[in-house]
Amino acid sequence: METTHTTTPGLPGRDEGLLAAVGEPTSDIVDIDNEGERSETAKGGATPAGAAAAEAAEVPRPDSAASSIESEPEYTAIRRWYNGKRDSSAAAPASAAKLQQLPLLSEQQLAASPFIDCEHPVTTYEGVKLLLMAPVVVLKLLVLALVVPYAWAILWVLLLGHAPQTPMQPFRSFLVRQWVHQWGRFLLFLAGFYYIPVRGWRNMRAAEECRAILVFNHPSYVDAAAVPTFFTPSGVSKAGVANIPFIGLFGIALQLFFVERKGSGDKVNRHVLHGDAVAAIAQRAADRRFPLVAIAPEATTKAKPCLLKFRRGAFAAGQPVCPVLLRYRYRRFNPSWGVCNTPFHVYRLLAQFVNHLEIEVLPPYHPSDDELQDWSLYAENVRRLMGQRLGEPLVDAGLAEERQLWHMGVRVNLLGTRVLLPTRQKAD
């Protein structure tokens, strides 16, 4: 799949900054097949002046006219339909009658959702490859099953005597970070990500200096391995994760802080931080005894290349942020994760000959006075900046819209060729 990049015009109100600070959106590899075929472009990348400025300059604010938000009227219809279902389930005759009057969403309308991808189905070629790679996938799973107990035991030993939610001693922190890096590289290698280039390491040092919060786009579940592997950050997670075997211990090693979500089934445990989550993020982000905090402001993954609406967690505290961009290159199999059959999606990922991921770290973004007063303006400007650099559209959808699709019963068939529509009878 080719990624179309947009060129950003000069930005008023700043020192012609975006092109000078981050350079033109470029890619060394375009239209890459999972089999490793490549179409090479000129490898000039950003201009030397742009690269030099990227290392030292703060990222300017994007002009609101520089990037347009795509209009998605289908999401309005989805919200109306879901709200009608919720009302009708409460046995309200008026709401039920209103629901009957709403037009049933078509397969084409649902296919336009950023959470649904019918553009990369299982073709004949892909089906043959999945069959031929079945023994390899089984072998990968067996290796993983054999290695996990040893990895867990080593990590358990490294964390002996460490009190959760307290800073680690330097030597213990060094050993844990090495473990996270090696384990993450192993998982990514097993998943077919044999080489992952990372650009902008000098910007990470600048982020360390100003204690910026790392904010990254969140296309896939693979991000959960890629971001810790290269940056070993702290972060935020729901309370229930701390109780999951191995994964909970991994979260403690990353010094995540766990929060209890109101109205959820999370069980309070000794790892949970009580109080305001935004205040906890600000305090942790400023504490140099801990790693940098990393947050995915979209709060969920999606199936199509775009940026969802950002949530307030990373921006309400007024800390600088450091955008981290994840680009998956693919043609036949899309690693992005939306509404799909998850086990089969993981199988397809493991059955690829090779998968491609590139990471880029942008310079820290310092909020203006106006952005400090309005977190939504701050978040939207950062989202526009990331969208411009990624060459991806901004969509007016987010976690709420994804949950509505699941609650509505929307599914995609196993081959990924069509959307399975819910029936109106489910709403009654």
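**View 1. The largest cavity of the predicted model and the residues around its centre.** The largest cavity encloses about 220 Å³ of space, in a model that is predicted. Its lining is made up of 20 residues, among which Asp117, Cys340, His345, Arg348 and Gly416 are the closest to the centre of the cavity. By class, the lining residues of the largest cavity divide into 10 nonpolar, eight polar and two charged. Helix α13, which spans residues 342-350, gives the most to this lining, contributing three residues. The count of cavities of 30 Å³ or more comes to six.

**View 2. The cysteines Cys210 and Cys322.** The count of disulfides in the model is zero, and this view shows one pair of cysteines that might invite the question of a bond. For Cys210, the closest cysteine sulfur is that of Cys322, and because the two sulfur atoms are 7.5 Å apart, they are too far from each other for a bond; a disulfide would require the sulfur atoms to lie within 2.5 Å. The relation holds in the other direction as well, since the closest cysteine sulfur to that of Cys322 belongs to Cys210. The surroundings of the two residues can be stated separately: Cys210 is partly exposed, with a relative accessible area of 23%, whereas Cys322 is buried, with a relative accessible area of 0%.

**View 3. Arg211, a residue with positive phi.** Although Arg211 is not a glycine, its phi is positive, at about 55°. Most residues other than glycine have a negative phi. Arg211 is placed in the loop that runs between helix α9 (201-210) and strand β5 (213-216), and with a relative accessibility of 5% this arginine counts as buried, the cut-off for that class being under 20%.

**View 4. Ala299, in a loop between two strands.** Ala299 also has a positive phi, of about 70°, while not being a glycine. Its place is in the loop between strands β8 (293-295) and β9 (321-329). The relative accessible area of Ala299 is 37%, so that the residue is classed as partly exposed.

**View 5. Pro164 and its contact in space with Ile252.** Pro164 belongs to the loop between helices α7 (134-158) and α8 (170-190), where the residue is partly exposed, with a relative accessible area of 22%. Along the chain, Pro164 and Ile252 are 88 residues apart, yet the separation of their C-alpha atoms in the model is 6.7 Å.

Terms used. Residues are numbered from 1 along each chain as its sequence is written. This is a predicted model: local features need pLDDT of at least 70, side-chain atom pairs count only at pLDDT 80 or more; totals for chains, interfaces and linings use all residues. Side-chain values use heavy atoms; hydrogens and water are left out. On a 1 Å grid over the protein atoms alone, a cavity is a set of points where a 1.4 Å probe fits but cannot get out, and a pocket is an open set with protein on both sides within 12 Å along at least five of seven lines; lining residues have an atom within 4 Å of a point. Grid points are joined across faces, edges and corners, and a volume is the space filled by probe spheres set on the points. Helices (H or I, at least four residues) and strands (E, at least two) are DSSP runs, numbered from the N terminus. Ala, Val, Leu, Ile, Met, Phe, Trp, Tyr, Cys and Pro count as nonpolar, Asp, Glu, Lys and Arg as charged, and the others, Gly among them, as polar. Buried means under 20% relative accessible area, exposed over 50%, partly exposed in between (1.4 Å probe, protein chains only).
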